[in-house]
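Got your viewer open? Let's take a walk through this one, a stop at a time.

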Amino acid sequence: MNQRASSARPALPAFVDWPAFPFEGDLRIKPLQEPVGSEPPRRGDRQEQCSACHTPDSAYLWSNERWRLKSPPAPSGLPVVVILEPRAHLDLGDLSTMHAAELGVLTVRLERAIRSLESVAQVHVNRWGDGTAHLQQWFLARPHGYLQLRGPFMTMWDEILPPVEEHEWQMNLEYIAAWLSDD
């Protein structure tokens, strides 16, 4: 057994007492699994198997010659969740200097667009790299006034809260796409 695994029941981390933590009651930590010898391949490690590379522009909210923006297929608990992807099969560490500079500019433009919605107080920007080899930068909008949703648990709250009304969700997405189209 490695040093990280232990037979003693570990104490819960301090964040379970934070106001933003979405759960209460009896919690217990899952045992840490032993590390694997080799990491499994991520979805789309090979470009010919990458779903993002084979998805038509019509499935995206907005696109230009190097970037595309999409949303999940249905509303969730947050007013906006959108995902920015490079058109080319690149991960974060593979971006050219030009792509990296554009990512910075687009990140700021998207944050401004989303935050300008009346129902939005703040925007969280995240990148998780374990699921897919094609870069996906996520933008999650915290609804105005919902201070309990602040911080790193907002993705959990997104799945816990009732979905935003379809009409409001569609209007928010159209607004963001129009903002990006207005160069």
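Where is the place of histidine 167? Select it and look at what surrounds it in the chain: histidine 167 sits in helix 3, which covers residues 166–181. Keep in mind throughout that you're looking at a predicted model.

Is histidine 167 buried or exposed? Turn on the surface and check: its relative accessibility is 58%, so it counts as exposed, the cut-off being over 50%. Now add proline 75 to your selection. Along the chain, histidine 167 and proline 75 are 92 residues apart, yet 9.5 Å separates their C-alpha atoms.

**Next stop: the sheet**

Switch to a cartoon view. Strands in a sheet pair through backbone hydrogen bonds, and they can do so parallel or antiparallel. Here you'll find an open sheet of five strands, in the order 1-2-3-5-4, and the pairing is antiparallel. Select 62–63 for strand 1 and 120–127 for strand 4: these two stand at the edges. Each of them has a single partner strand, so one side of each has no neighbour in the sheet.

Now pick residues 81–86 (strand 3) together with residues 137–143 (strand 5). How many bridges join strand 3 to strand 5? There are four, and the two strands run antiparallel. For a close-up, show leucine 84; opposite it, in strand 5, stands glutamine 137.

Then bring in helix 1 by selecting residues 97–115. This helix lies across strand 1, strand 2 (67–70), strand 3, strand 4 and strand 5. Compare its direction with that of strand 4, and you should find an angle of about 155 degrees.

**Rings on show**

Time to display the aromatic side chains. Two things describe a pair of rings: how far apart the centres are and the angle between the planes. The count of aromatic pairs comes to eight. One of them is phenylalanine 15 with tryptophan 18, an edge-to-face pair with 6.1 Å from centre to centre and 65 degrees between the planes. Both residues are partly exposed: phenylalanine 15 has a relative accessible area of 31%, and tryptophan 18 has 43%.

Another edge-to-face pair is tryptophan 128 with tryptophan 138, at 6.0 Å centre to centre and 75 degrees between the planes. Tryptophan 128 is in the loop between strand 4 and strand 5, while tryptophan 138 is in strand 5, so this pair ties together parts 10 residues apart in sequence. Tryptophan 128 counts as partly exposed at 46% relative accessibility, and tryptophan 138 is partly exposed too, with a relative accessible area of 23%.

Before moving on, select Phe15, Trp18, Phe21, Phe23 and Phe153, which ring pairs link into a cluster.

**Last stop: the empty spaces**

Rolling a probe the size of a water molecule over the atoms reveals where space is left empty. Which residues line the second largest pocket? Select Pro72, Ala74, Ser76, Val81, Trp128, Trp138, Leu140, Thr155, Asp158 and Glu159 to see its lining. Inside is about 180 Å³ of space. Helix 2 (154–160) and strand 5 each supply at least two lining residues, and helix 2 gives the most, with three.

Finally, look for a cavity. The whole structure has one of 30 Å³ or more, and the largest cavity has a volume of about 30 Å³. To find it, select its lining: Pro72, Ala74, Ser76, Leu78, Val80, Val81 and Trp169.

Conventions
Residues numbered from 1 in each chain as written. Predicted model: local features only at pLDDT ≥ 70, side-chain atom pairs only at ≥ 80, totals over all residues. Heavy atoms only, no water. Pairing = 2+ DSSP bridges. Contact = heavy atoms within 4.5 Å. Axes fitted to C-alpha atoms, helices over the stretch in contact; angles between N-to-C directions. Phe/Tyr/Trp six-rings, centres within 6.5 Å; stacked < 30°, edge-to-face > 60°. Buried < 20%, exposed > 50% of the residue type's maximum accessible area, 1.4 Å probe, protein only. 1 Å grid on protein atoms, 1.4 Å probe; cavity = no way out; pocket = protein on both sides within 12 Å on 5 of 7 lines; lining within 4 Å. Points joined across faces, edges and corners; volume = space filled by probe spheres on them.
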